[in-house]
Amino acid sequence: TAWRALFDKGRAVPGETVLIHGASGAVGVAATQIARAAGLRVFGTAGSERGRQLAREQGAHEVFDHSAAGYDKEIVARTGGRGVDLVVEMLANTNLVRDLEMIAKRGRIAIVGNRGSLELNPRAIMGKDATIVGFTNWNATPSELAVAHAAIVAGMERAGYRPQIGKEVPLADAPRAHLCPG
């Protein structure tokens, strides 16, 4: 999911700035490590000090508290007012409108997660010549998954991607371990 958000759907290029919302979650940790190893400038967000520390440890160049007022303006300021090139969005119903304010012209937003609806003025997309793409891995073609898998394996070998283990559960509890807590 992280690799596809960055490269397959997000079209990330080394040297660009990527904002990874929820950089302390499972997909966010992976996206942070992968983006950093690929030469992107990585901004991460997390809502707790522990989460922000984890994002830093995973390689985020700068980390922001997405629950703090004005964090979005701080992110834009850290890009010299230009905005970020790509947003990996974990909760579109909460952040998408704000994401459109933080992206650069011709910026991209790859939606990984969403838990509801929102009201959006399409002019916010048009005014930046922005691209918003949503995806799920169950829609991926076998060749898209094969490319992502090969890139991840190579990254583990060369770049040392380090999956983070939050909790170990018995194999019998595997179905419960995959449930989303909310």
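Here is a quick tour of one sheet, two helices and a few loop residues in this structure.

What you're looking at is a predicted model, in which local features need pLDDT of at least 70 and side-chain atom pairs count only at pLDDT 80 or more, while totals for chains, interfaces and linings use all residues. Residues are numbered from 1 along each chain as its sequence is written, and side-chain values use heavy atoms, with hydrogens and water left out. At the heart of this briefing is an open sheet of 6 strands with parallel pairing.

**The sheet**

- Read across, the strand order is E3-E2-E1-E4-E5-E6; helices (H or I, at least four residues) and strands (E, at least two) are DSSP runs, numbered from the N terminus.
- Strand E3 (62-65) and E6 are the edge strands, and each pairs on one side only; two strands pair if DSSP finds at least two bridges between them.
- On average, neighbouring strands of this sheet are turned by 15 degrees against each other, direction ignored.
- E1 and strand E2 (residues 41-46) run parallel and are joined by 4 bridges.
- Leu-19 has Phe-43 in E2 as its bridge partner.
- As background, strands of a sheet pair through backbone hydrogen bonds, either parallel or antiparallel.

**Helices across the sheet**

- Helix H2 (residues 26-37) lies across E1 and E2, and runs at about 170 degrees to E1; axes are lines fitted to C-alpha atoms, for helices over the stretch in contact, and angles run from 0 to 180 degrees between N-to-C directions.
- Helix H5 (residues 92-102) lies across E1, E4, strand E5 (103-111) and E6, running at about 160 degrees to E5.

**Thr-79, a loop residue**

- You'll find Thr-79 in the loop between helix H4 (71-78) and strand E4 (84-89).
- Thr-79 is buried, with a relative accessible area of 14%; buried means under 20% relative accessible area, exposed over 50%, and partly exposed in between (1.4 Å probe, protein chains only).
- A polar atom of the Thr-79 side chain lies 2.7 Å from the backbone nitrogen of Gly-83.
- Setting aside neighbours within four places in sequence, Thr-79 is in contact (heavy atoms within 4.5 Å) with Thr-17, Arg-41, Phe-43 and Val-84.

**Two loop residues with positive phi**

- Arg-11, in the loop between helix H1 (2-9) and strand E1 (17-20), has a phi near 55 degrees, a positive value in a residue other than glycine.
- Arg-11 is partly exposed, with a relative accessible area of 45%.
- Asp-129 sits in the loop between helix H6 (123-126) and strand E6 (131-134), and its phi is near 50 degrees, a positive value in a residue other than glycine.

How values were computed. A polar contact is a pair of N or O atoms within 3.5 Å; within protein, one must be able to donate a hydrogen and the other to accept it, and residues adjacent in sequence count only if both atoms are side-chain atoms.
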